[in-house]
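User: Could you take a close look at the empty spaces in this model for me? I would like to know what lines them.

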There are 2 protein chains.
Amino acid sequence: MTQDNKAQDGSAAPHLEVMPLGGMGEIGKNITAYRYADEIMVVDGGLAFPDSHQMGIDLIIPRIDYLQQHAGLIKGMILTHGHEDHIGGLPYILPRLPKIPVYGAPLTLGLVREKLAEFGIKDADVDLREIDLDQGARVRIGRHFNIEFIRMTHSIPDNAGYILTTPVGRVLHTGDFKLDEEPSDGKLSDLARIEQAGKEGVLLLISDSTNAERPGRTVSEAEVERNLEDVIRNCKGRVFMTTFASNVHRIQNTLNIAHRVGRRVVMEGRSMLKYAQVATQLGYMTAPDPFLTSEDVGQLQDQQILFVCTGSQGQPMSVLSRLAFGNHAKIALRRGDTVILSSNPIPGNEEAVNLVINRLYEIGVDVVYPPTYRVHASGHGSQEELATVLNLARPKFFLPWHGEPRHQINHARLAQTLPRPPKRTLIAKNGDVVKLTADEFKVTGTVPAGAVYVDGLGVGDIGDDVLLDRVNMSQEGILIMTAVLHPTPHVEVVSRGFVRANRDLDNQIRKVALESIETGMREKKRLEDVRDDMYGAVRRFVRKVTGRNPVLIPMIVD
Amino acid sequence: MTQDNKAQDGSAAPHLEVMPLGGMGEIGKNITAYRYADEIMVVDGGLAFPDSHQMGIDLIIPRIDYLQQHAGLIKGMILTHGHEDHIGGLPYILPRLPKIPVYGAPLTLGLVREKLAEFGIKDADVDLREIDLDQGARVRIGRHFNIEFIRMTHSIPDNAGYILTTPVGRVLHTGDFKLDEEPSDGKLSDLARIEQAGKEGVLLLISDSTNAERPGRTVSEAEVERNLEDVIRNCKGRVFMTTFASNVHRIQNTLNIAHRVGRRVVMEGRSMLKYAQVATQLGYMTAPDPFLTSEDVGQLQDQQILFVCTGSQGQPMSVLSRLAFGNHAKIALRRGDTVILSSNPIPGNEEAVNLVINRLYEIGVDVVYPPTYRVHASGHGSQEELATVLNLARPKFFLPWHGEPRHQINHARLAQTLPRPPKRTLIAKNGDVVKLTADEFKVTGTVPAGAVYVDGLGVGDIGDDVLLDRVNMSQEGILIMTAVLHPTPHVEVVSRGFVRANRDLDNQIRKVALESIETGMREKKRLEDVRDDMYGAVRRFVRKVTGRNPVLIPMIVD
C-alpha cells in the first residue's frame, strides 16, 4: 500500500474520514472532503467575503492543499446548490484539480458554467454532469461513495442535501435548508426520504446550524410574498425592490406580484441580470411580462413601474447605493418613490446598509425593511425545523455544520434536548479529520485548511502579515524618512494618513532623524545600525509629541 | 446694535434660535445652543465614537466654532445627564469657552469632575453648579432663559429633560428618556409636569428619537433585573457579567441580585471602577456587601463569585475580551463559568461582539445574551412612550432629535398619527439655525457644525483627507519608489500592505521606474516631470500585473 492508499491518519482499518476544508466553524466558503481508503470525493467549493479586518480583500477561497496533494485520489465532486458560498470558489478550485466528474442540478450547473466562463474556463476543461432532483438522483463516485440527492427547500431552486452511503454506514448531509411548507416552486423538502433513512439507520448527520439560535420556525417564502404584495399594492409611486440576486424564489415572486398589481419590471444591476438570465434560460424563472429597460419606462406612469435592483447589502457600487447617493447615470429617486429592502444586512454590513437607509429617508422616499415590515425571511431553518430533521434522521453521531461556534454549539444543545439525542456530537473546525466507523466518531488529526485571499488579480499573494500592515496603516498612517548621506546628510519626510500637512512637525522629525544619523556617522556605525537608530529616535519622538504610532519606514541612500 | 447683538440670521425681531451643533441627524456628541437676542445658552457637550470609515480615530467631538465666535454672548450651560454622548466632550469644549455657569444634577457633575480631572482641568477653572432634581430645580441663565429641569427615567440616575421658558414661548426638551414604570431608584419620569406644561402651552417639543422605529414599550429595568436574577440563580459556577459601565441602574441591580443569591462581587475594568466609585461616593450606588478583588476570591467557591466587568462592546482591551482571548493577567475562564452580556452591540460593534461570543463558546463557558435571554433593555423609549410624551405635551412645533434620519422621520410620522399632531415638524441637521416665534418655525440658515477628530494627543489635526489616505492604504497598501539619480540612476522599492515580499515583482517595478527616469533624464525633463512620469509608469504597470491600485509615493533624490 503506498502512502496515497492509506487513510489520512495512517491507519489501514476501513473507515470514513470527513474533512471539512471550509464552512465548519464559520458561515462561508463551504467545501468538504470525504475519504475512504484510496478514494476522495468533494462536496461544494464556495467562497467567503472578508470581514472588516481583512482590509481590501476582494474575496476568500478555501485552502485546498490537501486535495492538491492527493489529487490522484479524487474521484468526483457534488454540488448542493448555486449560492456563492457553495460554488463561488470553483473557478479557483477546479483548475487546480484533475478533471473529475462534478454532479449538480441544472440551475446549479448553469450558474457554475456562467461563473467559469467569466474566468475563461471552457466547458471542455471541466466535466459537469447534470442530475435531476425530481428523479431521486443517485450517482456513484469511485468504488465506495454512493450518493442520493435529496431535495431541500432554501432560497434558491434546485437545492439539495444528500445521503452518502459508504462501507461504514450512511451519512446524511442536509445541505443548506429551511423546511418551507409553501415553497415558491411548490417543491417541498423530501422529509419522507429523511424519515426513511432514519429508519434504515443514519450513522452521521451533518446539518445546517445557521439559525440554531432562533426559536420557532423560519417564515415561509409564501408569507414574505403576501407581505411584499401588501406593501407594493399600497405604493402610489415607483417601487424599487432589492434582495440578494441569488434569491431566485424571491425574485420570481416579485415578478408574479408585479404582474398581479399591474407593474412592469426593470431589472438593474449586473448580478441581478446574470442570475435572472441563467434562471430564465433554464426554466427556473418565468417573467409573466417581458422585462423593460430603464429607458422604456418613460412611457409608463409611476405606479406601473417596479425596479428590481442590486444593493441589499449596501455595496457601494450597487444600483441602490448609486440611487441613494444620487450617482446613478439614468435614474434619480424622488419623493413618492418606495424602496423595499427585502433582505437583512449580513453581519458586518450593518453600517453600510444603515447609511443607505438614512440617505433614502433624506431624499424623502418611503423605505420599507424588516423588522418593521416582514418582507424578508432567512433561507435557513430555525430550531423547530432543525429539531424536525434531527428527530426524523435519528443519527447516531452528529456534526453541526454551516455555522460559527455559537451556532454549532446551540445546535448541539438543541439535539441534546430531543427524545433521541445523538450518541455523540462533535464541534469540528476546518481542517479537522473526523474518523467515522460504525462505532467510532472522533477527530484523529488535521489537514491544512484556512483562507486564501483573493485581491485584484492575485490569489494567495496576500498573507496575514500584509493584512496586518494594512490594519496598522489604517489606524495610524505611515511615515517615510529618507536619509541621503552624501554630500551632506539630509532627511526627507513624507507621510500619508498620519496628520494633516504640518511643516513644523515635519521639520522637527527631520531634525531628530538627522541628529541620530550624524551621531551614527560620527561613530562610524554600520548603515543598518544608523538606520535602526533613526527609526528608534523618530518613533520615540513621534509617540511623545503626537501620542501616535505610525508605521515608520526608514530608508538610507548612501 | 453690533454684529454680536444680532441674532444669527441677522433679523432683529424677537425670536429664539435653536441650533443643534451635535446629536441632530446622528446618535452621539449631543450639544445644542439656544440664542435669544444677545444671549446664548448651551445644552450638553458630548462625544461620539468613530464609525468604521473613520479609521484609527479615538473619538469625535463636535465643532464649536459658533460658540467660540460668539463666546462673549454665552451665559451658561446645562447638562441633562452623565453619559459620554452628553458630557464626554466637555474636557475639550469647556477650556475653549469663557468660564460660564454649568448646571447639572450631582451625579452628572460628579462624572464631569472626574473627567475634567483626568485632563488636568481644575475645579477652579470651571463653574459647576449643582441642581437638585427632587426639588423641581429651576435656574435662570442670562435675562431670557428660564430653565426648569424635569426628571426623566433613563439608564443612569439623575437624568433630566427641561422646560425652557423664553420670551417667545416654552420649549420642552425630553433629554434622553424611557418611561420606565419600575425604575431602579423608584424615581419616575415627571409626566405630571409634562402634562401641565402641555396645558400651559408647549411651543416646541424636542424629543428623543432613538427608538422611534420600535413598536410598543421598552422593557423596564425591573424586568431586566428579574431576568438577570433568574439566570444567575441557575448558574453553578462563576458568573461574569458585563454591561455599559455607565449603566449605573443595571449595575446597582446586579449588586442587589448578587447579595440575594449569595455571591460576592468583583468589579473589573477601569471605566467600570470609575463609574462605580463616583456613583458610590455620591450615594447613587450602594454595595450591600463590600467589593472583593480578584485576589480575594481565591477563598470563595465558584458559586459565590460574580464578576462585573467591562467589554460589552467587544472592545479589544476590555476585561471580557482579554478573558475571551486568554490574555487576562489574573483570571482565566473555564468550563462551568457563565458569561452574561447584559447589553446589545451598538451598531458597528456587531463583528467585535460576535468574535468574543464565539471565543467564549469555544472555551466552553455558557454565554447568555439577548435576544435569547432578555437580559438587556434600551435606555430609550419606544413608540408608545414617545406617543405618550407627544400626547401630554401637545406641542405646536416638533423637532425629532437624538436620532439618524431614519429615527427622526419615523418619529415625525408617529407624531402625525396622534389625535393632536404638531402643526409643523422639522427634520433638522447639525448646524441648522431653527428660528422659533409663536407662529414661525423654520430653518433660516446654518452655522458651522461637524466632527473634530481626536486621535492620540491631537485634536483636529486629522481631517477627512488624512482619513481618506488611511482608507486607501487599508484597501491596497502603499508602494514607495525612491529614485537616486547620481552617480548612476537607480531605484529602491519598498511596500507595506501591498503583496507578500516578491523579489521578481520588485525588480520589474524597479525596471519600469528606471526606464521612465532614464528617458526623462535623456530628454532633460524637469525633476517634477521625471517624478510624475515614474509615478504614471509604475501605476499602469502595477495595475496591469496585479489588478491593484496601491497608494504610490514617488521620491527623487537628486
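Analyst: Happy to help; here is a walk through the second largest pocket and then the enclosed cavities. Please keep in mind that this is a predicted model.

Let's start with the open space. The second largest pocket has a volume of about 700 Å³, and 28 residues line it. Nearest its centre lie A:E492, A:V493, A:V494, A:S495 and A:R496. Strand β25 of chain A, residues 490-496, gives the largest share of this lining, with 6 residues. Both chains take part: α14 (503-522) of chain A supplies at least two lining residues, and so do α13 (464-476), α15 (527-546) and β26 (551-557) of chain B. By class, the lining of this pocket divides into 12 nonpolar, 5 polar and 11 charged residues.

Now for the enclosed spaces. The structure holds 6 cavities of 30 Å³ or more. The largest cavity has a volume of about 90 Å³, and of the 15 residues lining it, A:T153, A:H154, A:D185, A:K187 and A:H249 are the closest to its centre. Its lining has 4 nonpolar, 5 polar and 6 charged residues.

The second largest cavity, with a volume of about 60 Å³, is lined by residues of chain B, including B:T153, B:H154, B:D185, B:K187 and B:H249. Also in that lining are B:R151, B:M152, B:I156, B:P157, B:D158 and B:N159. Its residues divide into 3 nonpolar, 4 polar and 4 charged.

Definitions and conventions. Residues are numbered from 1 along each chain as its sequence is written. Chains are lettered from A and ligands numbered from 1 in the order in which they are written. This is a predicted model: local features need pLDDT of at least 70, side-chain atom pairs count only at pLDDT 80 or more; totals for chains, interfaces and linings use all residues. Side-chain values use heavy atoms; hydrogens and water are left out. On a 1 Å grid over the protein atoms alone, a cavity is a set of points where a 1.4 Å probe fits but cannot get out, and a pocket is an open set with protein on both sides within 12 Å along at least five of seven lines; lining residues have an atom within 4 Å of a point. Grid points are joined across faces, edges and corners, and a volume is the space filled by probe spheres set on the points. Helices (H or I, at least four residues) and strands (E, at least two) are DSSP runs, numbered from the N terminus. Ala, Val, Leu, Ile, Met, Phe, Trp, Tyr, Cys and Pro count as nonpolar, Asp, Glu, Lys and Arg as charged, and the others, Gly among them, as polar.
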